[in-house]
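Biologist: Please take a close look at one part of this model with me, and build the picture up slowly. I am in my first year, so plain words and clear cut-offs would help a lot.

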Amino acid sequence: RLGALTTALGYGAMLLSGFPGLAQLGLFAMIGSLSAAATTRWILLFFIPPHHVYPTPWIAWVPHTTPWVSRLVALTILLAVGYLATSEKPFWESDIANLSPIPSNLKHLDSEMRQEVGAPSVRDFLIVMAPTPQAALEQTEDLQPPLQTMIQKGALRGYEMAATYLPSERTQRTRQAFLPESGKLEEALHHALEGLPLQPELFHPFLQAVEESKYFPPLTVEALKGTLLGTKIDSLLYPSHEQWVGVVMLQGVQNRHMLASSLEDISSGNVYYLDLKDETNRMVTQYRTEILKYLGLGMIGLLTLLGLNLRSFSSVMRTILPVAGALVLVLATLHLFNEALSLFHIASLLLVAGIGIDYVLFLSRHGNTPQEHKTTISSVWVCSLTTILVFGVMAFSQTPVLHSIGLTTGLGALFCLMMSLVYSRQNIPPVSSQP
């Protein structure tokens with residue numbers, strides 16, 4: 001009960017996170033832990049064979065530890081703490097691109113293909129806010145001259161906006177005004193055909209089309225609804241909170257500082273430069289700070305729960321310190337292999353803490369008979385080895401998220417088992433290998 005409650009409490013702290021993914025993971029893990037405990041206690045009993053089968057003797061093996069082994073492990077933990085404190089390598093992963101579930105080779109291929117076809121970047125945007133769609137189109141059109149200047153200076157390679165496909169009514173009216181009168185156009189056409197073997201009558205449909213175009217009503221966003229072109233425009237011009245948002249997608253930005261400085265000079269307060277990567281990285285950092293705060297509160301609640309059940313400060317410390325040591329070793333090992341910590345590592349470390357507390361609680365539990373201790377040790381070995389095997393396989397995944405979870409949890413299960421066997425050894429009575 002205590003193992004299930006401490007795990008559920010630790011993950012319950014994640015429910016307070018503003019990051020939906022972590023909140024959902026916390027809810028899933030909390031309900032799963034409590035459901036598994038209830039199933040084991042009240043349902044699994046009906047499936048136990050009537051004749052109890054003793055565990056294999058070797059799987060109930062407990063390594064013989066001496067004081068010098070405990071001191072060596074403690075020294076290793078102190079060295080790991082020193083390594084983490086003095087290392088200059090980045091500790092946290094703040095680049096959102098490295099948190100993507102897409103393998104790195106596919107991301108590299110996507111980047112190459114985008115460059116080859118000249119596709120817009122998905123990182124740099126200009127955002128225009130306006131009360132009407134026409135106002136948004138006009139304001140994005142006003143950005144074209146300075147953007148062309150930046151292209152000439154090499155600050156960017158190109159851009160894409162809704163006005164590229166659907167000019168504003170102002171621009172459409174201006175272009176209609178430049179269409180010549182029918183008499184002047186016919187006279188110019190007559191002079192152009194002099195000496196050419198072409199009949200003037202062939203160009204009458206052209207003259208008629210130009211005359212009709214002068215009086216066409218302007219093309220609007222509503223007129224393109226339901227068309228392929230309208231779908232494209234909807235991604236670059238759309239309503240939001242009683243405002244209209246015009247998006248300018250920038251291609252090949254080379255100097256973001258110059259771009260931001262230039263926008264400060266030309267914008268009237270409703271044009272914003274958005275570096276999507278920097279913005280998402282900032283959000284990831286905020287989520288990380290938030291989840292660490294809530295996990296700290298969860299650890300306080302966990303310690304309180306352990307204290308109420310164990311009723312001894314020394315017992316709480318004997319339960320927590322091996323787990324803390326295992327977590328330090330996991331962090332040092334990940335850092336040694338250049339694994340910067342992300343939100344997924346944090347969630348996995350929480351799982352490792354729950355595993356470690358369970359190991360210590362079971363190995364430190366005082367039973368009535370040596371056989372009961374033998375069964376307990378056997379169960380811990382089976383749980384640990386299966387956990388290491390399953391998550392160890394995930395550690396070899398090419399998907400960054402699965403790799404992070406698998407490597408962290410696999411190492412954590414291994415170190416938790418080691419720490420539990422070493423520092424819970426004094427609470428385990430001698431176990432005979434015979435039933």
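Modeller: Happy to! Let's start with a term: buried means under 20% relative accessible area, exposed means over 50%, and partly exposed is in between (1.4 Å probe, protein chains only). By that rule, Cys416 is buried, with a relative accessible area of 1%. Before we go on, keep in mind that this is a predicted model, in which local features need pLDDT of at least 70, side-chain atom pairs count only at pLDDT 80 or more, and totals for chains, interfaces and linings use all residues. Residues are numbered from 1 along each chain as its sequence is written, and side-chain values use heavy atoms, leaving out hydrogens and water.

Now for the part I would like to show you, strand S1, which covers residues 124–130. Helices (H or I, at least four residues) and strands (E, at least two) are DSSP runs, numbered from the N terminus. Is S1 mostly covered or uncovered? Mostly covered, since six of its seven residues are buried.

Which strands does S1 pair with? Two strands pair if DSSP finds at least two bridges between them. S1 is joined to strand S5 (residues 271–275) by five bridges, and the two run antiparallel. With strand S4 (residues 243–251), S1 also pairs in the antiparallel sense, over six bridges. You can find one example of each: Phe125 has Leu274 in S5 as its bridge partner, while Leu126 stands opposite Val248 in S4. It is useful to know that side chains in a regular strand alternate between the two faces of the sheet.

Stay with S5, and follow its residue Asp275. Here we need salt bridges: a side-chain nitrogen of Lys or Arg within 4 Å of a carboxyl oxygen of Asp or Glu. Asp275 forms one with Arg256, their closest N and O atoms being 3.7 Å apart. Arg256 lies in helix H12 (residues 256–266) and Asp275 in S5, so the pair ties together parts that are 19 residues apart in sequence. The two partners are covered to unlike degrees: Arg256 is partly exposed at 28%, whereas Asp275 is buried at 9%. What else belongs to this network? Salt bridges that share partners join Arg256 and Asp275 with Arg123, Asp124 and Asp278.

The structure holds ten salt bridges, so let me set another beside that one. The side chains of Glu181 and Lys214 meet at 3.1 Å, N to O. This pair also links distant parts of the chain, 33 residues apart: Glu181 sits in the loop between helices H8 (169–177) and H9 (182–192), and Lys214 in the loop between helices H10 (204–213) and H11 (228–234). Glu181 is partly exposed at 46%, but Lys214 is buried at 13%.

Finally, back to the cysteine from the start. A disulfide is a pair of cysteine sulfur atoms within 2.5 Å, and a search of the whole structure finds zero of them. For Cys416, the nearest cysteine sulfur, that of Cys383, is 13 Å away. Cys383 is partly exposed, with a relative accessible area of 41%.
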